[in-house]
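User: I'd like to learn how to read a few features of a protein model. Can you walk me through some, beginning with charged side chains?

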Amino acid sequence: MLSIIISSYQPEYFAALERNIAETVGVPYEIIKIDNPGKMGICEAYNKGALQAAYPFLLFVHEDVEFVTKDWGKILVEVLSTQNIGVVGLAGSNYVPNVPSPFWAITENNFLHIMQLNGQESVHSFELIEDKTVFSLDGVFLGVTKLVFEEFKFSKSLHGFHGYDLDFSIRVASKYINLVTSKISAKHFSTGNANKEWLENVILARNFYRKKDSV
C-alpha cells in the first residue's frame, strides 16, 4: 500500500527509522533505501527510488525521523485518497514571496506538526489542531500518490540536497491541494542547515516555479 523512499547516508539513523516504521506504520509497506553517501543529489535519489515503488502511495522521508503517531501510514493513505490532494507534509507555508526564501520566512504563514530536536535535545515542538492548506512543504516528510508524482517528479535541474522540496511542492500546488496534516506527528533529529548551497538551490528553484507575470 505504501512505498517509503529514503535517501540514506547515516546507517544508525536508517536502522532506527526502519524499526520505528515497523512498529508504527499500521499498513502494508515497503522501504526503498537509496544508499547515497554523496553519490547523487536528493532529486535523483528520490526519482530513482520512486521507479522501484510497488505501491500506489509514496512517502519521501528523511532518515533522521521517528514517528510518534500510531498507524500513521493508514492516516496518510486516507488523506492522500481524498479528491484533489497533492502533497501531504508535516511542515509548510501558505505564502510564497517573489524573493527566494524558505517556507518558514514569515511566522504567521507557517504551519508545523513536528517535534524539532538537536540530537536528543528538544528545540521546538509544534502542534496543529487542524489540517492546513499550503503551497510549499518541507522535505522532511512528503507524501504523494504515485499518479501525482509521475505527473511532476523531482527536478532534474536541481542538484545537491536543498530546494527540491520547495520546487516540487509548489509545482504540484499549481494543480492540486497541498496539506500540512495535523493527524501525524513525528520527531525530527535535526534543525536544518541554511548554508550557501541551500541559498543557491532556493534561488535556482525559484526560477522554475515563478509565475510569468511575477517580478
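Analyst: Take Lys132: with a relative accessible area of 23%, Lys132 is partly exposed. Its side chain meets that of Glu130 in a salt bridge, 3.1 Å from N to O. Glu130 is partly exposed as well, at 43%. One caution: this is a predicted model.

User: What is the general idea behind such pairs, and how many salt bridges does a search of the whole structure find?

Analyst: In general, side chains of opposite charge can pair when their charged atoms come close. Here the search turns up 6 salt bridges.

User: Which parts of the chain does the pair of Lys175 and Glu151 link?

Analyst: The side chains of Lys175 and Glu151 meet in a salt bridge at 2.6 Å, N to O. The pair links distant parts of the chain, 24 residues apart: Lys175 sits in the loop between α5 (164–173) and β13 (177–180), and Glu151 in helix α4 (residues 146–152). Lys175 has 48% relative accessibility, so it counts as partly exposed. Glu151, at 38%, also falls in the partly exposed class.

User: And how do I read a salt bridge inside a helix?

Analyst: Start with the geometry. An α-helix has 3.6 residues a turn, so residues three or four places apart point the same way. Now the case: Arg171 and Asp167 are 4 residues apart in helix α5, so about one helical turn separates them. Their side chains form a salt bridge of 3.1 Å, N to O.

User: Are Arg171 and Asp167 buried or exposed?

Analyst: Arg171 counts as buried because its relative accessibility is 18%, and the cut-off for buried is under 20%. Asp167 is buried too, at 0%.

User: Let's move to nonpolar residues. Which members of the largest nonpolar core touch the most other members?

Analyst: That core has 30 residues, and the ones touching the most other members are Leu2, Leu59, Phe67, Trp72, Leu76 and Phe141. To see where the core comes from, look at the elements: β1 (2–8), α1 (11–24), β3 (57–61), β4 (65–67), α3 (72–80) and β5 (85–89) each give at least two residues. The largest share, 6 residues, is from α3. Apart from this core lies another one, of 29 residues, including Ile5, Met40, Ala45 and Phe154.

User: Why is α3 described as largely enclosed?

Analyst: Count its buried residues. Of the 9 residues of α3, 7 are buried, so the rest of the structure largely encloses the helix. The buried ones are Trp72, Gly73, Ile75, Leu76, Val77, Val79 and Leu80. For one of them, look at the contacts: leaving aside neighbours within four places in sequence, Trp72 is in contact with Leu2, Ile4, Ile21, Thr24, Val25, Leu59, Phe67, Phe141 and Ile184.

User: What about a polar residue, say His188? Where is it placed?

Analyst: His188 lies in strand β14 (residues 186–188). Its relative accessibility is 7%, so His188 counts as buried. The side chains of His188 and Asp64 are joined by a polar contact of 3.3 Å. If you skip residues up to four places away in sequence, His188 touches His62, Asp64, Val65, Ile114, Met115, Gln116, Leu117 and Val140.

User: Now a sheet. What is the order of the strands in the open sheet of 3 strands?

Analyst: The order is β7-β6-β11, with antiparallel pairing. β7 (110–112) and β11 (136–137) stand at the edges with a single partner strand each, so each has one side without a neighbour in the sheet. Going one step finer, strand β6 (residues 91–93) pairs with β7 over 3 bridges. One bridge joins Ala91 to Leu112 in β7.

User: One last case: which polar partners does the side chain of Asp131 reach?

Analyst: The Asp131 side chain reaches the backbone nitrogen of Ser182 at 2.8 Å. It also makes a polar contact with the side chain of Lys183, again given as 2.8 Å. Asp131 lies in the loop between β9 (121–125) and β10 (132–134), and its relative accessible area of 23% makes it partly exposed. Beyond neighbours within four places in sequence, Asp131 is in contact with Leu179, Val180, Thr181, Ser182 and Lys183.

Note on methods. Residues are numbered from 1 along each chain as its sequence is written. This is a predicted model: local features need pLDDT of at least 70, side-chain atom pairs count only at pLDDT 80 or more; totals for chains, interfaces and linings use all residues. Side-chain values use heavy atoms; hydrogens and water are left out. A salt bridge is a side-chain nitrogen of Lys or Arg within 4 Å of a carboxyl oxygen of Asp or Glu. Buried means under 20% relative accessible area, exposed over 50%, partly exposed in between (1.4 Å probe, protein chains only). A nonpolar core is a set of buried Ala, Val, Leu, Ile, Met, Phe, Trp, Tyr and Cys residues joined through side-chain atoms within 4.5 Å. Contact means heavy atoms within 4.5 Å. A polar contact is a pair of N or O atoms within 3.5 Å; within protein, one must be able to donate a hydrogen and the other to accept it, and residues adjacent in sequence count only if both atoms are side-chain atoms. Two strands pair if DSSP finds at least two bridges between them.
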